[in-house]
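Thank you all for coming. I would like to walk through one chain this morning, going from a single residue out to the sheets, so please bring the structure up on your screens.

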Amino acid sequence: MSLWRALHIILLMTVGFGADSITLRGQSPFDPSFTPEAFLIREHLELFADRSIYVVDESIQFRADHRVDGVGEGVWSTVLYAELVTSTGKSVADGKFTLSEGMGSGSLKIPGGALTGNYFLKCYTRWMRNSGPQSFSYTPLKIVNPFDSKVTDHGNGTAMEQTITRREYTTGYLNCSTQKPVYGKGEEVRLSLTGPLMNRLQQINCCVTVVPSGAVDMDHGQVTFAGSSMKPGDYKVNYLPDLKGASLTGTVVSADQWEQPIQSARLYFSLLGENPDYFATVTDDMGRFVISTTNRTGIQELFVTPDPSVAGEVEVRIDQDFDTGKMPVPAKKFGLSAREHEVATQMALQMQLSELYESQGSGQGPSPDATDREEPLFYGTPGFSIMMDDFVTLPTLEEVFINLVPGVEVVVKRGKKSLKIYGPNTTINLYQPLIMIDHIPVFDQQLIMGIHPEKILKIDLIREVYVKGNVSHGGVISIFTRNGDMAGIDLSAHSYFFDVQSIQSLDSKEIQVYAPGDRVPDMRNTLFWMEDIFLQKGSTQEVTFRAPSVPGDYVILVRGVAHQGNVISATALFSVE
């Protein structure tokens with residue numbers, strides 16, 4: 001079986017596509033037997049940012065070209081991890097972005113408290129973490145905080161074993177030009193783009209940025225490494241690619257001093273919030289697990305609990321979302337050239353002007369359509385549902401199930417009461433029911449039976465075998481309390497809540513289109529940014545944007561990745577009077 005096939009099985013089991021008959025044991029992609037194949041699968045990112053100099057509270061706009069070598073079938077990573085880090089490796093902003101058809105793009109907001117200094121825009125995939133930080137993409141940036149005189153720590157500039165250079169852009173294969181060299185304030189600028197002018201390249205996907213002269217490096221891109229690389233004997237699969245949205249991995253270990261990995265341990269994850277969901281999985285022979293939180297954006301709150309039937313106490317350890325490895329790029333002392341200082345000063349003025357106008361706001365509240373919208377629950381429409389207010393209050397929950405909920409029987413065994421679901425398909429009897437309170441699985445049915453019915457708002461019932469991931473349940477009983485507090489029952493040992501970052505949602509903020517006579521001033525530091533434009537060989541495309549209100553010199557930079565990762569570029573200059 002190939003590594004891709006093993007990953008595909010993992011995906012089926014994780015998102016619950018009816019793969020309950022497939023066992024994880026012996027097919028785990030973490031298995032060392034896959035290491036030789038995994039070592040040959042390499043991903044490469046070429047990173048482009050809209051500028052090289054920023055001011056705090058601005059957003060860095062970027063695009064990353066993604067290439068995979070060694071994969072014979074199917075997609076590989078679909079999530080791009082981006083971080084803004086100091087020269088010593090401290091992360092000050094991060095996000096996850098969609099990778100699709102060889103490209104990902106997005107933006108990162110620079111925190112207002114970031115100190116002046118040298119930074120790097122650091123991008124990678126989860127799979128690239130197996131090869132270490134030297135396989136990531138790093139683009140040097142300079143950030144200025146006009147409100148704080150402190151400068152970030154630049155370390156000791158320790159020399160590295162391998163040679164470190166900057167990617168050089170190759171010119172002469174693309175062409176860009178404006179209709180004239182000088183424009184008036186707010187005048188429409190027409191930019192003509194032609195290319196590629198090489199025999200082997202029929203088209204190229206490019207990004208275009210228009211910024212003040214001196215605000216972007218016109219000749220060099222991300223950092224490149226030469227020299228030693230990871231050897232096959234040192235390679236190990238600790239991270240799997242995000243095949244379908246952001247994934248979550250970790251290990252289950254014994255809670256004693258030996259911390260041995262626990263195989264075949266069942267884990268239950270509840271995704272809380274406005275659109276709750278539920279995931280279940282079983283650890284492999286090495287105690288590893290993976291789930292995929294598909295179609296999610298923003299910060300998600302999850303609750304994880306291990307199955308109490310596992311012998312002994314266990315701990316669930318979630319892998320770090322973002323890389324915490326040592327920076328492979330030596331730090332340098334911060335400094336600005338005379339031109340960079342001039343550009344940064346003007347950008348700081350523009351940023352403060354932008355904040356002044358944005359703070360006034362529109363005063364508009366949320367759209368009526370965006371509120372009070374009830375999303376379907378993860379198990380769909382229940383076969384049976386009751387609202388407790390529709391019936392006379394009964395003294396115990398046992399009587400509620402006996403009298404009001406069909407297909408549920410209270411079973412007494414060795415003096416302990418438990419619930420059993422019966423359905424038209426007798427295979428439901430082969431599995432234990434999933435009982436949830438406020439979307440959280442509860443396994444101690446004595447606690448459940450002790451809840452007073454007055455605390456319950458609603459009960460949903462599914463009288464069929466419910467499969468989620470590689471775990472099957474003998475139906476579902478979902479109880480909702482009036483106060484959303486699980487009726488005060490205690491959570492099981494070694495279960496906990498945690499936050500995880502999913503794909504960053506697209507920024508819906510409208511791009512300012514400046515025109516002379518506007519009451520709102522021109523606040524752009526990046527005049528124009530287009531992260532995705534296809535240029536056909538020999539054909540010309542036109543894009544338009546408005547000249548700024550600030551007189552000065554401005555540059556246009558077009559970049560794209562050609563054969564074997566070579567970056568080709570074209571530039572143009574114009575002035576505003």
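In which strand is serine 192 found? Serine 192 is found in strand S13, and I should say straight away that we are looking at a predicted model, so everything I describe was computed from predicted coordinates.

Let me stay with this residue for a moment. With a relative accessible area of 18%, serine 192 is buried, because the cut-off for that class is under 20%. Leaving aside residues up to four places away in sequence, serine 192 touches Asn175, Cys176 and Ser177, and also Thr540, Gln541 and Glu542.

Those contacts can be set beside the sheet that holds the strand. Strand S13, residues 188-195, is joined to S33 by eight bridges, and the two run antiparallel; within this pair, valine 189 stands opposite phenylalanine 545 in S33. The sheet is an open one of three strands, ordered S11-S13-S33, with antiparallel pairing. Strand S11 (175-178) and strand S33 (539-546) are at its edges, and each has a single partner strand, so one side of each is left without a neighbour in the sheet. On average, and ignoring direction, neighbouring strands of this sheet are turned by 20° against each other.

Now to alanine 572, which brings us back to some of the same names. Alanine 572 lies in strand S35, residues 567-576, and is buried, with a relative accessible area of 10%. Again not counting residues up to four places away in sequence, alanine 572 touches Cys176 and Ser177, along with Tyr554, Val555 and Ile556. How far apart are the C-alpha atoms of alanine 572 and threonine 178? They are separated by 7.3 Å, although the two residues are 394 residues apart along the chain.

Cysteine 176, which has come up in both contact lists, is itself buried, with a relative accessible area of 6%. As for disulfides, the count comes to zero. Cysteine 207, for example, is in no disulfide, since the nearest cysteine sulfur, that of cysteine 206, is 7.2 Å away and the cut-off is within 2.5 Å. Cysteine 207 is also buried, at a relative accessible area of 0%.

Let me turn to another sheet. Here eight strands form an open sheet in the order S1-S3-S6-S5-S4-S7-S8-S2, and the pairing is mixed. Which strands stand at the edges? They are strand S1 (42-49) and strand S2 (53-55), each with a single partner strand, so that one side of each has no neighbour in the sheet. From one strand to the next, the twist averages 30°. At one end of the order, S1 and strand S3, residues 59-69, pair in the antiparallel sense over eight bridges, and there glutamate 43 stands opposite valine 68 in S3.

Finally, the chain as a whole. It contains five helices and 35 strands, and of its 577 residues, 49% count as buried. If we take contacts between residues at least 6 apart in sequence, 76% of them join residues at least 24 apart, and the pair of alanine 572 and Cys176 that I mentioned is in contact as well. The accessible surface of the chain comes to about 27400 Å², of which 48% belongs to carbon and sulfur atoms.

Note on methods:
Residues are numbered from 1 along each chain as its sequence is written. This is a predicted model: local features need pLDDT of at least 70, side-chain atom pairs count only at pLDDT 80 or more; totals for chains, interfaces and linings use all residues. Side-chain values use heavy atoms; hydrogens and water are left out. Two strands pair if DSSP finds at least two bridges between them. Helices (H or I, at least four residues) and strands (E, at least two) are DSSP runs, numbered from the N terminus. Axes are lines fitted to C-alpha atoms, for helices over the stretch in contact, and angles run from 0 to 180 degrees between N-to-C directions. Buried means under 20% relative accessible area, exposed over 50%, partly exposed in between (1.4 Å probe, protein chains only). Contact means heavy atoms within 4.5 Å. Accessible areas come from the Shrake-Rupley method with a 1.4 Å probe; for residues, only the protein chains shown count as cover.
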